[in-house]
Amino acid sequence: MTQPWGAALDIIFMTLRSMVPILLASVGEIVTERSGVVNIGLEGILLLGAFFAVIADTATGSPWVGVLAGAAIGLAIGLMHGIISTKLKGNQIVDTIGVNTFALGVVGFGIFAVWHVWGARTIPSSLTIQPIYIAGRALSPMVLIALGIAIFTYWWLFKTPFGAAVRACGEDPDAADVVGINVDLVRILATIYGATLAGIGGAYLSVDWFAGVTKEISAGRGWLALANVAFSNWNPLLAIGGSALFAFFDALVMWIGPMPQVNSIIPQEILRTVPYIVTIIVISGVIKRVRPPKALGIPYSRE
């Protein structure tokens, strides 16, 4: 195989690994927002999912139990946020800003409280999800799982009666209520689904990709996922493309970053900002063309 093809394959595989947490969080948030609920706590859920996944992984010796732990913490946060947003008519933005702040404190201090080290906890490769090999390169099974979840969610959201109910609750909850849809219940379930996927994305970061947890492990990916929701126009299939766009530039930076000829010209700190700058530019170009659900962020009260 020629060297250019080898480099292209390296970048493709790095892109696939990098897109997983953003894709999972984006797809979950699409379902949540389609129901009319906003959850800007994705960054915090990714952090907490990563932290509790490592705890469960090291306690049981199974990274898949760690993934389940990440899903469980996401489910719990989604249930809490769903109830606050629907039954208690709480402010959805303030509620989930609290999730982000809570996560920073819990993970920052929790690493020391649990393992008596500051900043980071690493795990051996034997406790990470073992990759499969394609064309001589490692590929995490979570890549295939994330893509499968995105495709399934599209089908479920646009081709099934429950998906239609979710979309009705986000567009016209009064009409949904008239035809017998329990708006609050649908919104709670959609919020749980979204947060659970974000928790799985956090677990992927720690028990698969980075083999450990730090208080900065989410690195803004939750905010990028929120941007990707708008970029994809609330469509799970288009979210794959948005996630891949950021992940490509992230992979490209990781690939060229160690090169001496690049290091001598561009500091690593500046180079690492490139994926985020590209994302901001792209989102700014499409944001005027998208249309969010009409009842997004508005608690429903029966007249």
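**Reading features in a predicted model**

Me: Which residues make the nonpolar surface patch of about 340 Å²?

Reply: Leu75, Leu79, Ile83 and Leu88 make this patch. Patches are built from residues with over 30% relative accessible area and no salt bridge, nonpolar side chains (Val, Leu, Ile, Met, Phe, Trp, Tyr) being joined within 5 Å and like charges within 9 Å; the areas come from the Shrake-Rupley method with a 1.4 Å probe, and for residues only the protein chains shown count as cover. Leu75 sits in helix α3, residues 63-86 (helices are DSSP runs of H or I with at least four residues, strands are runs of E with at least two, and both are numbered from the N terminus). With a relative accessibility of 39%, Leu75 counts as partly exposed (buried is under 20%, exposed over 50% and partly exposed in between, with a 1.4 Å probe and protein chains only).

Me: What should I keep in mind about the model itself?

Reply: The model is predicted, so local features need pLDDT of at least 70 and side-chain atom pairs count only at pLDDT 80 or more, while totals for chains, interfaces and linings use all residues. Residues are numbered from 1 along each chain as its sequence is written, and side-chain values use heavy atoms, with hydrogens and water left out.

Me: What span should the 19 residues of helix α2 have?

Reply: The expected span is 1.5 Å times one less than the number of residues. For α2, residues 42-60, this gives 27 Å, and the end C-alpha atoms, 26 Å apart, agree with that value. Of the 19 residues in α2, 14 are buried, so that the helix is mostly covered. Gly61 follows α2 and has a positive phi, near 80°.

Me: How many aromatic pairs are there, and how do I read their geometry?

Reply: Rings of Phe, Tyr and Trp (its six-membered ring) pair if their centres lie within 6.5 Å, and planes under 30 degrees apart count as stacked, over 60 as edge-to-face and the rest as tilted. The count by this rule is 11 aromatic pairs. Phe152 and Trp155 form a tilted pair, because their ring centres are 5.9 Å apart and their planes stand at 40°. Both lie in helix α5, residues 141-159, three residues apart and hence separated by about one helical turn. Phe248 and Phe249 make an edge-to-face pair, with 5.2 Å between centres and 80° between planes. Phe51, Phe52 and Trp115 belong to one aromatic cluster.

Me: How many salt bridges does the structure hold, and which parts of the chain do they link?

Reply: Side chains of opposite charge can pair when their charged atoms come close. A salt bridge requires a side-chain nitrogen of Lys or Arg within 4 Å of a carboxyl oxygen of Asp or Glu, and the structure holds six. Arg137 and Asp10 form one of them, their closest N and O atoms being 2.7 Å apart. This pair links distant parts of the chain, since Arg137 is in strand β3 (residues 137-139) and Asp10 in helix α1 (residues 3-34), 127 residues apart. Arg137 is buried at 18% relative accessibility, whereas Asp10 is partly exposed at 29%.

Me: Are Arg221 and Asp250 buried or exposed?

Reply: Both are buried, Arg221 at 4% relative accessibility and Asp250 at 1%. Their side chains meet in a salt bridge with an N to O distance of 3.8 Å. The pair joins helix α9 (residues 221-231), which holds Arg221, to helix α10 (residues 236-256), which holds Asp250, and the partners are 29 residues apart. Elsewhere, Lys87, Lys89 and Asp184 are joined into one network by salt bridges that share partners.
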